[in-house]
Amino acid sequence: MSIEIHRDRCTFFESMKLFGVEIRIMRTGSDATAGLCLLVLTLIVTAGTAVSADDPASRAGSKRPNIVLILADDLGWSDLGCYGGEIATPHLDKLASKGLQYTQFYNTARCWPTRAALMTGFYPQQVGMDPIAKTPFPENLPLLPHRLREQNYRSYHSGKWHIFRAARVVKDGGFDHSYWLRDHSRSFTPQRHIFDDQPLPVVEPGSGYYSSTAIADFAIQFLEEHTERYSEQPFFLYLAFDAPHFPLHAPADDIAGYADRYLEGWDRLREERVAKIRELGLTDSSPAEREPGVFAHWSMSEEELRTQIDPDETGRAVAWQKLSEGEQQFQATKMAIHAAMVDRMDQEVGRVVDQVRGMGNGGLSNTLFIFLSDNGASAEIINRGDRHDRSASPGSAGSYLCLGPGFSTASNTPWRRHKSWVHEGGVSTPLIVSWPTGITAAGELRTAHGHCIDLFETIVDIAGCPETGPPSQGLPMRHGESLVTTFDEDVRLTREEIYFRHGGHRALRVGDWKVLSDRDSETWSLFDLSNDRAEQHDLAAEHPELTQRMVARWESLDTDFEQDRARVD
């Protein structure tokens, strides 16, 4: 099968072939000429600009670093080996051992808001991404690739996108190439996937397609082209996996490696992870209590779970011993698939790292790798896509399974709750930062309180993009801060507060204090995260004035962000 994408006045031709689909692109003479002119202009401007000794880009000498931003989907805080997990993740563990691990870093609790924060540098509430506005981003709102283009970067995207206000990844998002996996229900046979803003054919069963592998394949193809044609330019790769997001789909051989690993249950697994987390020095926090009464409000009922999914399915995080043998086996199988998805993602990360190793512009040593998750592990259990076939092998294309609150609690060990909540289990993410040329520390921990909006600032800082200054042209004020100051030593950022709102859940962290309120509740809780990051002891009654001040500050920020949203809608 062949697809041709024509653009007027072509001057050269590109081709790539994956899973039996040949993609042929005719580039325009005007595009090529503009790119050359931009390169010449950039070289002229750069040649006359001295780089100061304290410029973050000077860490790489005369060359801007390549940048690889890797995003997992619904990964638990302690799923990776380097964060206390038992899942085999040697490639990510190696990046951590040669770089930094952040232990108090945050996302937004959900897929699209986190992605919007990464690409815009704003809290998603400021730019109409939580809740989602129905209009495109204004033209004066640059996304990360637009800013990096100022420093002659080429930008590539492969994987999930989920930024609804930039509907075309190349034209609106600023990327030079993009493979967009838009089908979030079919890991083996996607019906909706898009190359450079053009739809691709449905992938038929038996093609050998698997989403994580395909995402890495397209990324590697982009990097191979970069080596051939643009080796003197730095690149930005946004590698956005859809794993381990539901449905739980993984290659059978990968699942087999974890087949019996989780039969001792989620309570035992949490104990194992807590012990390893403490051994690694990540935190000495006691784990949060399991919450059998907490589940995603949009999840299926217990009756629906047993009739549509399996008689042994359950949607509650009860004590493992209370489950029947059949229920235990079913839950352990689901966790095995989740682990296989994480394992396979790590293998694909390894392939991308190998590709970068031999590339120009300093190769692996001059490449900044950043890894995080968009939210915590998920408690929801739903039935979408082609719907679950109870006769299908678990983890295969015909199945539609979700992790559920029991093993989600274990995946988010030691923190409380899950994806979509703004408790620590929903918003805490592992963060790995590795850059051999620019970060001399290796295998060290960082305790700075950071948020994914800070990664935008970090990347543009390291790339040497000019300061944007105060809010202008109707854009909101930025609240992110570059992490570069934390690269050499474990210091806090100057910004003390971190704001959260999603699905009616609200929170604010200021220093080590955090106020929090659930959806449909007028009551706020107060936690001292310096000794209770598992959020087990509500101190609001003991510190009413502090609670009131922090709630008032959250309300002030929320009002400001609503006004920001109105300006960019």
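## A buried serine in helix α10

The side chains of Ser 408 and His 418 are joined by a polar contact of 2.8 Å. This report describes a predicted model, and the pair offers a starting point for reading it. Ser 408 is part of helix α10. With a relative accessible area of 0%, Ser 408 is buried, because buried means under 20%.

Which residues does Ser 408 touch, not counting residues up to four places away in sequence? They are Ala 377, Ser 378, Ala 379, Leu 403 and His 418. His 418 therefore appears both in this list of contacts and as the partner in the polar contact, where a pair of N or O atoms lies within 3.5 Å.

## The chain as a whole

The protein chain contains 13 helices and 18 strands. It has 569 residues, and 61% of them count as buried. The accessible surface of the chain comes to about 21,500 Å². Carbon and sulfur atoms account for 50% of that surface.

The contacts of the chain may also be sorted by separation in sequence. Among contacts with a separation of 6 or more, 72% are between residues 24 or more positions apart.

## Helix α7 and its buried side

Helix α7 comprises residues 266–280, which makes 15 residues. At 1.5 Å a residue, the helix should span 21 Å, and its end C-alpha atoms are indeed 21 Å apart, so the expected and computed values agree. Its buried residues are Trp 266, Asp 267, Leu 269, Arg 270, Arg 273, Val 274 and Ile 277. These residues cover an arc of only 150° around the axis, and therefore lie on the same side of α7.

What do the buried residues of α7 pack against? They pack against α9, residues 325–357, and against α10. Helix α10 is also the helix that holds Ser 408. After α7 comes Gly 281, which has a positive phi near 75°.

## Helix α12, a mostly covered helix

How many of the 11 residues of helix α12 are buried? The helix, residues 453–463, is mostly covered, with 10 of them buried. Among the buried residues are Ile 453, Leu 455, Phe 456, Ile 459, Val 460 and Ile 462. The buried set also includes Asp 454, Glu 457 and Thr 458, together with Ala 463. Just after α12, Gly 464 takes a positive phi of about 80°.

## Unusual backbone positions

Most residues other than glycine have a negative phi, and most peptide bonds are trans. Several places in the model depart from this pattern.

Arg 387 is not a glycine, yet its phi is positive, at about 70°. It is found in the loop between β11 (367–373) and α10 (405–411). Arg 387 has a relative accessibility of 44% and so counts as partly exposed. Ser 420, likewise not a glycine, has a positive phi of about 85°. Ser 420 is located in the loop between α10 and α11 (424–427). Is Ser 420 buried or exposed? Its relative accessible area is 4%, and therefore Ser 420 is buried.

Two peptide bonds that lead into prolines are described here as cis. The bond from Asp 130 to Pro 131 is cis, with omega near 0°, and Pro 131 is placed in the loop between α3 (111–120) and α4 (144–149). The bond from Phe 246 to Pro 247 is also cis, with omega near 0°. Pro 247 sits in the loop between β10 (235–240) and α6 (252–256).

Terms used. Residues are numbered from 1 along each chain as its sequence is written. Side-chain values use heavy atoms; hydrogens and water are left out. Helices (H or I, at least four residues) and strands (E, at least two) are DSSP runs, numbered from the N terminus. Buried means under 20% relative accessible area, exposed over 50%, partly exposed in between (1.4 Å probe, protein chains only). Contact means heavy atoms within 4.5 Å. Accessible areas come from the Shrake-Rupley method with a 1.4 Å probe; for residues, only the protein chains shown count as cover. A polar contact is a pair of N or O atoms within 3.5 Å; within protein, one must be able to donate a hydrogen and the other to accept it, and residues adjacent in sequence count only if both atoms are side-chain atoms. The expected span of a helix is 1.5 Å times one less than its number of residues. The arc is that of the directions from the helix axis to the C-beta atoms.
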